[in-house]
Amino acid sequence: MPPREMLRELMRDNKHLAAEMRKAHEVADKGGDVATTSILETFIDEAERRTWFLFEASRQEGGNEA
């Protein structure tokens with residue numbers, strides 16, 4: 001698999017992971033579990049940052065594939 005496609009696949013995986021964690025956050029929030037919602041918010045932020053980074057890395061132009 002070409003490097004750019006690997007980056008895109010990782011980006012899609014991280015988007016999916018963040019979406020699933022948002023669902024878990026909703027369940028924890030409804031249950032009043034503040035500790036779990038706080039941890040999930042940190043994990044969601046990290047996944048979104050990775051998604052952004054992977055998106056930017058996968059669209060880099062030029063001769064060098066990241």
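Accessible areas here come from the Shrake-Rupley method with a 1.4 Å probe, and for residues only the protein chains shown count as cover. On that basis the accessible surface of the protein comes to about 4900 Å², with 57% of it belonging to carbon and sulfur atoms.

What you have open is a predicted model, in which local features need pLDDT of at least 70 and side-chain atom pairs count only at pLDDT 80 or more, while totals for chains, interfaces and linings use all residues. Residues are numbered from 1 along each chain as its sequence is written, and side-chain values use heavy atoms, with hydrogens and water left out.

**Whole chain**

Begin with the full chain as a cartoon, where the secondary structure comes to 2 helices and 0 strands; helices (H or I, at least four residues) and strands (E, at least two) are DSSP runs, numbered from the N terminus. Turn the C-alpha trace along its principal axes, and it spans about 50 × 15 × 10 Å. The radius of gyration of the protein is 15 Å, whereas a compact globule of 66 residues would have one near 11 Å; the radius is taken over C-alpha atoms, and the globule rule is 2.2 Å times the number of residues to the power 0.38.

Next, colour by burial: 24% of the 66 residues count as buried, where buried means under 20% relative accessible area, exposed over 50%, and partly exposed in between (1.4 Å probe, protein chains only). Contact, for the stops that follow, means heavy atoms within 4.5 Å. Among contacts between residues at least 6 apart in sequence, 63% join residues at least 24 apart.

Then show the charged side chains, 10 positive and 14 negative, the centres of the two sets lying 4 Å apart. Lys and Arg count as positive and Asp and Glu as negative, with His and the chain ends not counted, and the place of a charge is taken as NZ of Lys, CZ of Arg, CG of Asp or CD of Glu.

**Residues 3-54**

Select residues 3-54, where UniProt, in an unreviewed entry, places the feature "domain: Ferritin/DPS"; UniProt positions are given in the numbering used here, feature names are shortened, and annotations may be inferred rather than shown by experiment. Over this range the chain is 94% helix and 0% strand, and the end C-alpha atoms are 11 Å apart.

**Ala-28 and Thr-37**

Go to Ala-28, which is in helix α1 (residues 3-30) and is buried, with a relative accessible area of 8%. Leaving aside neighbours within four places in sequence, Ala-28 is in contact with Asp-33, Thr-36 and Thr-37. The C-alpha atoms of Ala-28 and Leu-40 are 9.2 Å apart, across 12 residues of sequence.

From there select Thr-37, found in helix α2 and buried at 8% relative accessibility. Apart from residues up to four places away in sequence, Thr-37 touches His-25, Ala-28 and Asp-29. A C-alpha to C-alpha distance drawn from Thr-37 to Met-21, 16 residues apart in sequence, should read 9.6 Å.

**Thr-51**

Move along helix α2 to Thr-51, which counts as buried at 12% relative accessibility. Not counting neighbours within four places in sequence, Thr-51 is in contact with Met-11, Asn-14 and Lys-15. Although Thr-51 and Leu-10 are 41 residues apart in sequence, their C-alpha atoms are 7.9 Å apart in space.

**Ser-58 and Gln-60**

Select Ser-58, in helix α2 (residues 34-58), and ask whether this residue is buried or exposed. Ser-58 is buried, because its relative accessible area is 3%. Beyond residues up to four places away in sequence, Ser-58 touches Arg-4, Leu-7 and Arg-8.

Finish at Gln-60, in the segment after α2, which is partly exposed, with a relative accessible area of 41%. Gln-60 and Arg-4 are 56 residues apart in sequence, yet 8.9 Å apart from C-alpha to C-alpha.
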